[in-house]
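Reader: I am in my first year and would like a close look at one part of this protein: its inside. Could you walk me through it slowly?

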Amino acid sequence: MKIVVIGATSGIAEHCCRIWAVEGADFVLMARDTPKLERIAADLKARGARSATLAKPEFHDAAAIKAFADETIAEGSVDIVLIAHGWMPLEQHKADMATADRILQVNAVSPVLFAEAFAGPFAAARRGT
């Protein structure tokens, strides 16, 4: 079973991955905090995951999101995609319009783009969650 986890350092994602790891899942893990992501990947392997590949996030570029999905699927069929990422900066930065735009891109637009990037191939293959 191949599982893509976007936002793999979130608490919900990490706990879901622990459940799937004991089933011997193969993971593609994406998150901004590389050291934490590396620790999670090692933990999942210790719990029984067959593999845990790390991916760098690109939340602001629709073409990069599509390319990530296409490349991930080309490397082997994907069974599950868990989208669990988000970003909320410190309170004092919320009044800045550029930061507000980035918050919307990461928290609202990019989850839809990731879902769309994987949904088409899932529908074509008549499989995937």
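Author: Happily; here is a walk through the core and the parts around it. This is a predicted model, in which local features need pLDDT of at least 70 and side-chain atom pairs count only at pLDDT 80 or more, while totals for chains, interfaces and linings use all residues. Residues are numbered from 1 along each chain as its sequence is written, and side-chain values use heavy atoms, with hydrogens and water left out.

Let's begin with the general idea. In soluble globular proteins, nonpolar side chains tend to be buried together. Here, a nonpolar core is a set of buried Ala, Val, Leu, Ile, Met, Phe, Trp, Tyr and Cys residues joined through side-chain atoms within 4.5 Å. Buried means under 20% relative accessible area, exposed over 50%, and partly exposed in between, with a 1.4 Å probe and protein chains only.

The largest nonpolar core has 19 residues, and those touching the most other members are Ile3, Val5, Cys17, Trp20, Phe27, Leu29 and Leu44. At least two residues of this core come from each of strand 1 (2–6), helix 1 (11–21), strand 2 (26–30), helix 2 (34–46) and strand 4 (80–83). Helices (H or I, at least four residues) and strands (E, at least two) are DSSP runs, numbered from the N terminus. There is also a second, separate core of 16 residues, with Ile6, Val28, Ala117 and Phe118 among them.

Now zoom in on Trp20. Apart from neighbours within four places in sequence, Trp20 is in contact (heavy atoms within 4.5 Å) with Met1, Ile3, Ala25, Phe27, Ile80 and Leu82.

Next, see how two helices meet. Glu14, Cys17, Arg18 and Ala21 of helix 1 meet Ile40, Asp43 and Leu44 of helix 2. The residues of this contact divide into four nonpolar, no polar and three charged; Ala, Val, Leu, Ile, Met, Phe, Trp, Tyr, Cys and Pro count as nonpolar, Asp, Glu, Lys and Arg as charged, and the others, Gly among them, as polar.

Finally, visit strand 3 (residues 51–55), where Ala55 lies. Ala55 is buried, with a relative accessible area of 14%. Although 25 residues separate Ala55 from Met30 in sequence, their C-alpha atoms are 4.7 Å apart in space. Leaving aside neighbours within four places in sequence, Ala55 is in contact with Val28, Leu29, Met30, Ala31, Leu37 and Phe68. Another buried residue is Ser110, with a relative accessible area of 0%, and Ser110 is found in helix 4.
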